[in-house]
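The exercises that follow are meant to be worked with the sequence and the three-dimensional structure side by side. Each task is followed by a solution that proceeds step by step.

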Amino acid sequence: MSAKVIDGKAFAANVREKVAGHVTRLKEENGITPGLAVVLVGEDPASQVYVRMKGKQTVEVGMNSYEHKLDADTSEEALLALIDQLNNDPAVHGILVQLPLPSHLNSDLVINSISPAKDVDGFHTSNVGLLGTGQKSMVPCTPLGCLMMLRDHHGSLSGMNAVVIGRSNIVGKPMAQLLLNDSCTVTIAHSRTKNIQDVVKQADIVVAAVGRPEMVTGEWIKDGATVIDVGINRIERDGKTKLVGDCEYDSCAEVAGAITPVPGGVGPMTIACLLANTVTACCRANNLAEPEGLTA
């Protein structure tokens, strides 16, 4: 079997197109322009790249982009004051504080100071609790992107056996909850799981989000399963730096029914879903119908 490749780059472009359509309608019918504020503290090179990409794509879909770049030695008090200002700004519908933060700042305190309604990363404890109890929430972007791709490929996920490898608060746990909310039977596997290969082998859906390069091989995968590889790992191979996922692509693709590549799979969906979450937050703030196809 040769797996169907789930093209995350093309899928993300489609999501951004839908977002742009909703933004246009919000402007024309309601006179509202969704706004996303991104806060960057310090000069982490990877974070600078992400923030630049987020700002560029925000503007491209017609939304307002507000970037706040603060010095690495910014005090916690000053950062919290900025977030309070953004919480109370009606032009800002989504707030994202780029992680990681400098070590002198308490990330949990900072994230939980964001208004849950504007928490487009979906990391606030209120949103975590709402998602966990099946209520309306802001959903973390990477799991939301995975769910969108799975729904697109399968239609209904009801009754499918899903294994999520990894138990992080950012991907593993919310991914499992989203799959459970879509009526999958869900197992979370992790570093202490016994006979992990046998556990994964039972899955119709495998979401690998463990951060270990090429850990999952084709021997782990059930014939025809759908493999969503969230991992992005840099390795040295043949004297060159290469990006690989948590799955060994070639061997998994021989067995799976569908698979996301790395790069070009889940990665592009993360910013696309950030934009989708901002539109959703804007609609909720103005008591308007939520954008169809862009929420969990």
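Helices here are DSSP runs of H or I with at least four residues, numbered from the N terminus. The model is predicted.

**Exercise 1. A nonpolar surface patch**

Determine which residues make the nonpolar surface patch of about 260 Å², and place Tyr-50 in its secondary structure element.

Solution. The patch is made by Val-49, Tyr-50 and Met-53. Next, Tyr-50 is assigned to helix 2, which spans residues 45-60. Finally, the relative accessibility of Tyr-50 is 43%, and this residue therefore counts as partly exposed.

**Exercise 2. Two cysteines adjacent in number**

Find how many disulfides the whole structure contains, and explain why Cys-282 is not bonded to Cys-283.

Solution. A search of the whole structure returns zero disulfides. The cut-off needed for the next step is that the two sulfur atoms of a disulfide lie within 2.5 Å. For Cys-282, the closest cysteine sulfur is that of Cys-283 at 5.6 Å, which is too far for a bond. Taken from the other side, Cys-283 likewise takes part in no disulfide, its nearest cysteine sulfur being that of Cys-282. As for their surroundings, Cys-282 is buried at 0% relative accessibility, and Cys-283 is also buried, with a relative accessible area of 4%.

**Exercise 3. The nonpolar cores**

Identify which residues touch the most other members of the largest nonpolar core, and which element supplies the largest share of that core.

Solution. The largest nonpolar core has 54 residues, and within it Val-19 and Leu-179 touch the most other members. The elements that each supply at least two residues of this core include helix 1 (8-30), strand 2 (35-41), helix 6 (141-154), helix 7 (172-181) and helix 10 (267-285). Helix 10 gives the largest share, with ten residues. The surroundings of Val-19 can then be listed: leaving aside residues up to four places away in sequence, Val-19 touches Val-61, Ala-272, Leu-275, Ala-276, Val-279 and Leu-294. A second core, separate from this one, has 21 residues, among them Ile-196, Val-206, Val-216 and Ala-253.

**Exercise 4. Salt bridges across the sequence**

Count the salt bridges in the structure, and establish which parts of the chain are linked by the pairs Glu-290 and Lys-136, Arg-151 and Asp-182, and Lys-222 and Asp-204.

Solution. The total is seven salt bridges. In one of them, the side chains of Glu-290 and Lys-136 meet at 3.2 Å, N to O. Glu-290 is in the segment after helix 10 and Lys-136 is in the loop between helix 5 (125-132) and helix 6, so that distant parts of the chain, 154 residues apart, are linked. Glu-290 is partly exposed at 27% relative accessibility, whereas Lys-136 is exposed at 56%. These two residues also belong, together with Arg-284, to a network of salt bridges.

Turning to the next pair, the side chains of Arg-151 and Asp-182 meet in a salt bridge of 2.9 Å, N to O. Because Arg-151 lies in helix 6 and Asp-182 in the loop between helix 7 and strand 6 (185-189), this pair ties together parts that are 31 residues apart in sequence. Arg-151 has a relative accessible area of 26% and is partly exposed.

In the remaining pair, the closest N and O atoms of Lys-222 and Asp-204 are 2.7 Å apart. Lys-222 lies in the loop between strand 7 and strand 8 (226-229) and Asp-204 in the loop between helix 8 (196-201) and strand 7, so the pair joins parts 18 residues apart in sequence. Lys-222 is partly exposed at 30% relative accessible area, and Asp-204 is partly exposed at 22%.

**Exercise 5. Backbone geometry**

Locate the cis peptide bonds that precede Pro-100 and Pro-263, and describe the backbone of Asn-195 and Asn-287.

Solution. Most residues other than glycine have a negative phi, and most peptide bonds are trans. Leu-99 and Pro-100 are joined by a cis peptide bond with omega of about 0 degrees, and Pro-100 sits in the loop between strand 4 (94-97) and helix 4 (107-111). Another cis peptide bond joins Val-262 and Pro-263, with omega of about -5 degrees, and Pro-263 is in the loop between strand 11 (258-259) and helix 10. Asn-195 has a positive phi of about 50 degrees; this residue is in the loop between strand 6 and helix 8 and is exposed, at 56% relative accessible area. Asn-287 has a positive phi near 55 degrees, lies in the segment after helix 10 and is exposed, at 74%.

Notes
Residues are numbered from 1 along each chain as its sequence is written. This is a predicted model: local features need pLDDT of at least 70, side-chain atom pairs count only at pLDDT 80 or more; totals for chains, interfaces and linings use all residues. Side-chain values use heavy atoms; hydrogens and water are left out. Buried means under 20% relative accessible area, exposed over 50%, partly exposed in between (1.4 Å probe, protein chains only). A nonpolar core is a set of buried Ala, Val, Leu, Ile, Met, Phe, Trp, Tyr and Cys residues joined through side-chain atoms within 4.5 Å. Contact means heavy atoms within 4.5 Å. Patches are made of residues with over 30% relative accessible area and no salt bridge: like charges are joined within 9 Å, nonpolar side chains (Val, Leu, Ile, Met, Phe, Trp, Tyr) within 5 Å. Accessible areas come from the Shrake-Rupley method with a 1.4 Å probe; for residues, only the protein chains shown count as cover. A salt bridge is a side-chain nitrogen of Lys or Arg within 4 Å of a carboxyl oxygen of Asp or Glu.
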